[in-house]
Amino acid sequence: MISELKLKLILDFKAGTLTGVSRESLKEEAKTLLLNKGLKVEETSIGFSQGIRGLKGVEAFKVRVVNLEEPVKGVELKYSGKFRGYDEVFPYLKDSINQEYTLLRTDSLFYPIPAEPSFESLVKSVVGSEFDAEIIIEGVPADLTVAFGGEIQGNLLRIEGTNRLDIAIAPFKVIEEKPFRFFILRDEGIERTIELLKEAYEFYSSILGRKNLIYTVIETPENYGGQAGKGYILVSGSSLRSEVPTNIYHELAHLWTPRATPEAHLSRFFDEAFANYLTALAVREIHGEDEYKKFMANLEWWYKDILKKNPEAKNLKVPEWGRKGLHLLSYSKGALILKELHDLMGDSFYDLLKAIANADAIDFETFRKLAEGMSERNLQDFFERYF
């Protein structure tokens, strides 16, 4: 798990290559680092070996595995190569370096991540990290703009207390509308979206507490997948300009994502189920009851569609979803479970939301205790049924 990261990136937009020099401080000793499959380590501050292999649990996800001679709590590496996405495994991971749209994400491992070569270990390392990052970017043409969720000073980027990095480079137009900062690819339809996003932000703030920061919205081409980091989102143009922009409400809701323990995070319940149910509440608040019912009906349909392909999912408890690779259940069934809990708890459910959003490390048992304490009800049957 990373505690501090200093990174220098040199990009070649014609060749699609990246040269990186990273200096990482780690929370605990690590002997293995994972890197993008197209990048190769040239030198490190300690002896090493390297090779390409698939991640245990998602074997098609090929990564460069760097094995250090001994465990360390700090390491420097220089690496380079043609940066490659993973859309053959996860269709949204189209990350690449090119003149039209460049995207560098933690998901595509553009910097070394301390983890064993398994998907579970990688997720736990990313989720468990909270680090300060300082990044220098060189090689960006003058007609392109760097979009980033943190502070931007020329070619120097900084962000504090994050667990991931996302950097986009394209011919963006920048719009400042406090508390938002937008990096957009085209002007059409954006004014309405800005007003809707402000309404959603005010609604979430009213029930979860206000976040005093500038929130960054970065537009992506279609089918790149929505992404949320600390104080920023990546969102497609069609989602950004939708009549009822549920995707952007969902990503904005992640600003209040509970900090789950690495084990609890595997099911994605505390981020995706909560974000989707908060989205439903925002839709009802901004667009009315009919749109809310449509949104919830769509979650029901999604859940039934998952069951058609995975009938065994019907009897799985929430903590099993991640271990079975069925975390998509959190987006659908997870949100429906929260709707049921809301009905049981009434208005005290909002107290639960606020407490969880501000908790240091939430797990399923803490979740149960908070729900029972705030509702002053015995919720044993509910929690036994689902958890």
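A pocket here is an open set of grid points with protein on both sides within 12 Å along at least five of seven lines. With that in hand, let's look around this predicted model. Its second largest pocket holds about 330 Å³ of space. The chain itself is split into domain 1 (2-171), domain 2 (174-243) and domain 3 (262-386).

**The second largest pocket**

- Both domain 1 (2-171) and domain 2 (174-243) supply lining residues, so this pocket sits between the two.
- There are 16 residues in the lining, and the closest to the pocket's centre are Asp132, Glu151, Arg158, Ile159 and Glu160.
- Three elements each give two or more residues to that lining: β1 (2-12), β8 (131-138) and β11 (156-162).
- Sorted by class, the lining has eight charged residues, five nonpolar ones and three polar ones.

**The one cavity**

- If you search the whole structure for cavities of 30 Å³ or more, you find one.
- The largest cavity has a volume of about 30 Å³.
- Its walls are made by Ile2, Tyr111, Ile113, Ser125, Val126, Ser129, Phe131 and Asn163.
- By class, five of the residues lining the largest cavity are nonpolar and three are polar, with no charged ones.

**The nonpolar cores**

- The largest nonpolar core is a set of 74 residues, and Tyr204, Phe269, Phe367 and Phe387 have the most contacts inside it.
- Helix α6 (residues 269-287) provides the largest share of this core, with twelve residues.
- Domain 2 (174-243) and domain 3 (262-386) each put at least three residues into this core.
- Another core lies apart from that one; it has 52 residues, including Leu5, Leu35, Val75 and Ile137.
- Back in the largest core, take a look at Tyr204: beyond its neighbours within four places in sequence, Tyr204 is in contact with Gly209, Tyr249, Leu252, Ala253, Trp256, Leu278, Thr279 and Ala282.

**Where domains 2 and 3 meet**

- Ten residues of domain 2 are in contact with twelve residues of domain 3.
- Measure from centre to centre using C-alpha atoms, and domain 2 and domain 3 are 24 Å apart.

**A helix tucked inside**

- Helix α4 (residues 246-253) is largely enclosed by the rest of the structure, because six of its eight residues are buried.
- The buried ones in α4 are Ile248, Tyr249, His250, Glu251, Leu252 and Ala253.
- Three of these names may ring a bell: Tyr249, Leu252 and Ala253 are among the contacts of Tyr204.

**Two charged residues to find in the viewer**

- Asp95 belongs to the loop between β5 (58-82) and β6 (102-105).
- With a relative accessible area of 2%, Asp95 counts as buried, because the cut-off for that label is under 20%.
- Skipping neighbours within four places in sequence, you'll find Asp95 in contact with Phe83, Arg84, Gly85, Leu103, Leu104, Arg105 and Ser108.
- Lys339 is part of helix α9 (residues 329-345).
- The relative accessible area of Lys339 is 24%, which makes Lys339 partly exposed.
- Not counting residues up to four places away in sequence, Lys339 touches Tyr277, Tyr292 and Met296.
- Lys339 and Tyr277 are 62 residues apart along the chain, yet their C-alpha atoms are separated by 7.1 Å.

Note on methods
Residues numbered from 1 in each chain as written. Predicted model: local features only at pLDDT ≥ 70, side-chain atom pairs only at ≥ 80, totals over all residues. Heavy atoms only, no water. Core = buried A, V, L, I, M, F, W, Y, C linked by side-chain atoms within 4.5 Å. Buried < 20%, exposed > 50% of the residue type's maximum accessible area, 1.4 Å probe, protein only. Helix = DSSP H or I, 4+ residues; strand = E, 2+ residues; numbered from the N terminus. Domains from an automatic or database assignment. Contact = heavy atoms within 4.5 Å. 1 Å grid on protein atoms, 1.4 Å probe; cavity = no way out; pocket = protein on both sides within 12 Å on 5 of 7 lines; lining within 4 Å. Points joined across faces, edges and corners; volume = space filled by probe spheres on them. Nonpolar A, V, L, I, M, F, W, Y, C, P; charged D, E, K, R; others polar.
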